[in-house]
Amino acid sequence: MPKKVQMSGNEAVANALRQINPDVCPAFPITPSTEIPQYFSNYVSNGLVDTEFITVESEHSSMSAAIGASAAGARALTATSSAGLAFMWEVLGVAASRLPIALTAVCRALTGPLNINCDHSDTMGAKDSGWIQIYAENNQEAYDNMVMAYNIAENKDVRLPIMICQ
């Protein structure tokens with residue numbers, strides 16, 4: 001009988017990323033997605049993955065670095081939420097030029113001055129950017145969707161960036 005393990009959606013996604021072992025992960029923290037790069041950077045520092053973890057100065061830089069890495073042939077990913085995703089909007093279309101980047105988006109409201117409630121206004125703002133979007137209803141689905149992400153995005157008939165939303 002399989003052992004049951006309880007973990008947050010962010011930890012589940014980070015575990016999926018550990019198993020995937022991507023080449024490059026540029027990241028900038030924003031609540032509530034901060035835990036994904038936090039957990040993942042521990043995997044990097046403990047030698048559990050061979051990923052090049054890049055601390056960048058903004059979400060725009062995070063996506064720009066992922067685009068550059070992917071265009072050079074690396075398996076790239078990043079994570080964000082809310083205003084961080086909105087800050088990436090300018091370059092999301094560049095990624096949609098057939099680059100199989102993965103983005104984990106932990107859905108959070110965009111309204112200000114500060115709103116940390118769960119909401120899809122951030123990812124819905126990116127729905128016409130050319131990215132595949134897959135939404136998880138629970139932590140298990142977040143994990144499963146991340147495991148499937150590159151198999152979908154890198155498929156020769158697809159070759160599009162993919163946003164795993166939770």
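Which strands does helix α6 lie across? Keep that in mind while we look at the sheet. One caution before that: this is a predicted model.

So, the sheet. It is open and has 4 strands. The order is β3-β4-β6-β5, and the pairing is parallel. The edges are β3, residues 77–80, and β5, residues 132–135. Each of these edge strands pairs on one side only. Neighbouring strands in the sheet are turned by 20° against each other on average, ignoring direction.

Take one edge. β5 pairs with β6, residues 162–165, in the parallel sense. There are 4 bridges between β5 and β6. To find your place there, look for Gln-133, which stands opposite Met-163 in β6.

Back to the opening question. Helix α6 covers residues 139–153. It lies across β3, β4, β5 and β6. Residues 102–105 make up β4. Against β6, the helix runs at about 175°.

Now pick one residue in α6: Asn-145. Is Asn-145 buried or exposed? Its relative accessibility is 8%, so Asn-145 counts as buried; the cut-off for buried is under 20%. What does Asn-145 touch? Leaving out residues up to four places away in sequence, Asn-145 touches Ile-134, Tyr-135, Ala-136 and Ile-164.

Next, the partner of α6. Helix α1, residues 9–20, packs on α6 at an angle of about 25°. The axes of α1 and α6 are 8 Å apart. Angles under 35 degrees count as roughly parallel, so α1 and α6 are roughly parallel to each other. Their crossing is right-handed. On the α1 side, the contact residues include Ala-12, Val-13, Ala-16 and Leu-17. On the α6 side, they include Ala-142, Tyr-143, Met-146 and Val-147. By class, this contact of α1 with α6 has 10 nonpolar residues, 4 polar and no charged.

Last, α1 has another contact to show you. Helix α2, residues 35–45, packs with α1 at an angle of about 40°. Here too, the axes of α1 and α2 are 8 Å apart. With that angle, α1 and α2 are therefore oblique to each other. The crossing of α1 and α2 is right-handed. From α1, the contact includes Asn-10, Glu-11, Ala-14 and Arg-18. From α2, it is made by Glu-35, Ile-36, Tyr-39, Phe-40 and Tyr-43. What is the make-up of the α1 and α2 contact by class? It has 7 nonpolar, 2 polar and 3 charged residues.

Conventions
Residues are numbered from 1 along each chain as its sequence is written. This is a predicted model: local features need pLDDT of at least 70, side-chain atom pairs count only at pLDDT 80 or more; totals for chains, interfaces and linings use all residues. Side-chain values use heavy atoms; hydrogens and water are left out. Two strands pair if DSSP finds at least two bridges between them. Helices (H or I, at least four residues) and strands (E, at least two) are DSSP runs, numbered from the N terminus. Axes are lines fitted to C-alpha atoms, for helices over the stretch in contact, and angles run from 0 to 180 degrees between N-to-C directions. Contact means heavy atoms within 4.5 Å. Buried means under 20% relative accessible area, exposed over 50%, partly exposed in between (1.4 Å probe, protein chains only). Angles under 35 degrees count as roughly parallel, over 145 as roughly antiparallel, 65 to 115 as roughly perpendicular and the rest as oblique. A crossing is left-handed if the near helix is turned anticlockwise from the far one by less than a right angle, and right-handed if clockwise. Ala, Val, Leu, Ile, Met, Phe, Trp, Tyr, Cys and Pro count as nonpolar, Asp, Glu, Lys and Arg as charged, and the others, Gly among them, as polar.
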